[in-house]
Each structure stands twice: as structure tokens, then as C-alpha cells.
Amino acid sequence: MPELVFFSGTMDCGKSTLALQIEHNRSARGLKGLIFTRDDRAGEGKLSSRLGLVTDAVEAGAGLDLYAYVVGQLSRGDKVDYVIVDEAQFLATEQIDQLARVVDDLDLDVFAFGITTDFRTRLFPGSQRLIELADRIEALQVEAMCWCGERATHNARTVGGEMVVEGAQVVIGDVDRPAAEVGYEVLCRRHHRKRMTSASAHAAALSPDVLPVGG
Ligand SMILES: Nc1ncnc2c1ncn2[C@@H]1O[C@H](COP(=O)(O)OP(=O)(O)O)[C@@H](O)[C@H]1O
Ligand SMILES: Cc1cn([C@H]2C[C@H](O)[C@@H](COP(=O)(O)O)O2)c(=O)[nH]c1=O
């Protein structure tokens, strides 16, 4: 049975890499995938991983009907054996419904990849709809880690190096960005709650208040 599968996790846990691996393994066996993405850091119409791999993809802009697009490809004689969607958190709820229809009415597997929650720990609309509709939800096997060594489960946003909890839900960015820019860092829930990033933890450790006093 074809499935709608949601591979979810924090930023930087290997989702895009896995998407590219699934694409590679299937295309190596003669299958043809249709790849959608939205607002990838590498630019429009790209699916990129931090390991340096990148492939072309269809930019799933706000108005694109994904079901109609797949039907259009099939109608003009193009082969489509499965569908991959990266950055699925950015899709509209209707677009996730369209992906479910691709599975049910066109009998194609759909593999969607995305972060579950935003920097405020709130579900993205696309991820919420995927959780509601997916046949399977898969957590990535390689765990992203918080600076404390615990498994990272949350995404923090920093502006000028400071963790923020207010702002627009969507701001394209990356981990390990210079402090002056908008950046992201993955944290465990405890340190997300305490708003403690690696930089603030380091600063606190160096503070005279916590340094052992000699003499
Ligand atoms: N230099 C490196 N050497 C080995 N693995 C790396 C390197 N840089 C990044 N990675 C791996 O790539 C993962 C990020 O992959 P990516 O697919 O871009 O993540 P996501 O799409 O989930 O944000 C990291 O968790 C790490 O496992
Ligand atoms: C937490 C959070 C992230 N984003 C953006 C930042 C990146 O451009 C993508 C996630 O990409 P990745 O391949 O999973 O690293 O999402 C955002 O817009 N808002 C957020 O709250």
C-alpha cells in the first residue's frame, strides 16, 4: 500500500540528506521521483543537505496545487513513481491534503520531510496537518544534540546571538550563523525552556558569580 510518511525532527538532524538518499536509491533502480521543496537555503527549486549534496526540485510555492501538478506530469506522459517533499513544514494545510490525495487516488508513495515545531515550540501548519494525516511518522535515527549532551528536541532562534521567542514564524536561516544574524540552535527542552543556548551557557560558566574564588 502506498503511504504518506512524515520524517520529522529538529533542524540539522539529517532530513534533507535522507531525502536525497531515498531519491538516490530509488532512481538507481530505475524509478522516477518528483521532488518538491519550499524555501530551501540553497535557493528556489533546490533541495540541499549540509553534507554538500544538492538536487533540483519543484518549488512548491503558496499557490501550487501539488495534486494537480502530479496529475499534470502523468497526463503529459512523464513517469512519476513516488513523491519527495522537503521543508514540508512550510506547506499550507491544503497542500498536505493534496499530498494525501496523491497517495490515495494516484497510488504513489509520498515522503515528506520537515521540522515539527518552530522557534516558539509551536507546530508549523504543514507539520500539524502531516501529523494529522500521515500513515507513518518517522523520527530520524541520527539524533541532533543539545550543547549539554542531551538529545535536541527543539529549535531555538537567535538574533544578534540572543535567543528570542517572538517574531515571524518563517525566517529562512541556518545553525552556526555569525552572532549578528538571525541564527538557529537545536536544544533539549530543558534548555529551550530556560532560554539557555551554548553561548549563554558558556558566558554563565565564565561569570565571576560562578567561578570558584581562590584564597
Ligand atoms: N562535516 C560533516 N561531516 C559529517 N556529517 C556532517 C557534516 N556536516 C553535517 N553533517 C551531518 O549532516 C546533518 C545535517 O544534514 P541535513 O540533511 O542538512 O539536515 P536537516 O535537513 O535535517 O536540517 C548533521 O546532523 C550531521 O549528521
Ligand atoms: C525553527 C525555525 C526554522 N525556520 C527555518 C530555518 C530553515 O530555513 C528551515 C529549516 O531547515 P532545516 O533544513 O530543517 O535546517 O526552517 C523557520 O523559518 N522558523 C522557525 O521557527
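Which residues surround ligand 1? Keep that question in mind as you turn the structure on your screen, and remember that you are looking at a predicted model. The answer is a set made up of M11, D12, C13, G14, K15, S16, T17, S49, R50 and L51.

Some of these residues reach the ligand through their backbones. A backbone N or O atom of C13 sits 3.0 Å from an oxygen atom of ligand 1. For G14, a polar backbone atom is 2.9 Å from an oxygen atom of this ligand. S16 also takes part, with a backbone N or O atom 2.9 Å from an oxygen atom of ligand 1.

Now look at ligand 2. There are 20 residues around it, and K15, R50, F119, Q169 and V171 come nearest. Here you can follow some side chains. An N or O atom in the side chain of R50 is 2.9 Å from an oxygen atom of ligand 2. E87 places a polar side-chain atom 3.1 Å from an oxygen atom of the ligand, while R157 has a polar side-chain atom 3.3 Å from a nitrogen atom of ligand 2.

Let us step back to the whole protein. Its secondary structure comes to six helices and 11 strands, and its C-alpha atoms fill a box of roughly 80 × 30 × 30 Å along the principal axes. Of its 215 residues, 44% count as buried. Among contacts with a separation of 6 or more, 72% join residues 24 or more positions apart.

What lies inside? In soluble globular proteins, nonpolar side chains tend to be buried together. In this model, the largest nonpolar core has 24 residues, and L4, F36, V70, V83, V85, L99 and V110 have the most contacts inside it. Strand 1, strand 2, helix 2, strand 6, helix 3 and strand 7 each supply at least two residues of this core. Helix 3 gives the most, with five residues. To see how one core residue is packed, find F36: leaving out residues up to four places away in sequence, F36 touches A57, V58, A60, L64, L66, Y69, V70, V83, I84, V85 and D86. Apart from this core lies another, of 23 residues, including V5, A19, F113 and A152.

Helix 4, which spans residues 125-133, shows how a helix can turn one side inward. Its residues G126, S127 and L130 are buried. They lie on the same side of helix 4 because they cover an arc of only 95 degrees around the axis. An α-helix has 3.6 residues a turn, so residues three or four places apart point the same way. What do the buried residues of helix 4 pack against? Their partners are strand 1, helix 3 and strand 7.

Finally, let us look at the cysteines. How many disulfides does the model have? The count comes to zero. For C13, the nearest cysteine sulfur is that of C146, 15 Å away. C188 has a cysteine sulfur 3.8 Å away, again that of C146, but a disulfide needs the two sulfur atoms within 2.5 Å, so this pair is not one. Are these two cysteines, C13 and C188, buried or exposed? C13 counts as buried because its relative accessibility is 9%, and C188 counts as buried because its value is 5%; the cut-off for buried is under 20%.

Notes: Residues numbered from 1 in each chain as written. Chains lettered and ligands numbered in written order. Predicted model: local features only at pLDDT ≥ 70, side-chain atom pairs only at ≥ 80, totals over all residues. Heavy atoms only, no water. Buried < 20%, exposed > 50% of the residue type's maximum accessible area, 1.4 Å probe, protein only. Core = buried A, V, L, I, M, F, W, Y, C linked by side-chain atoms within 4.5 Å. Helix = DSSP H or I, 4+ residues; strand = E, 2+ residues; numbered from the N terminus. Contact = heavy atoms within 4.5 Å. Arc of directions from axis to C-beta. Near = heavy atom within 4 Å. Polar contact = N/O pair within 3.5 Å; in protein donor to acceptor, adjacent residues only side chain to side chain.
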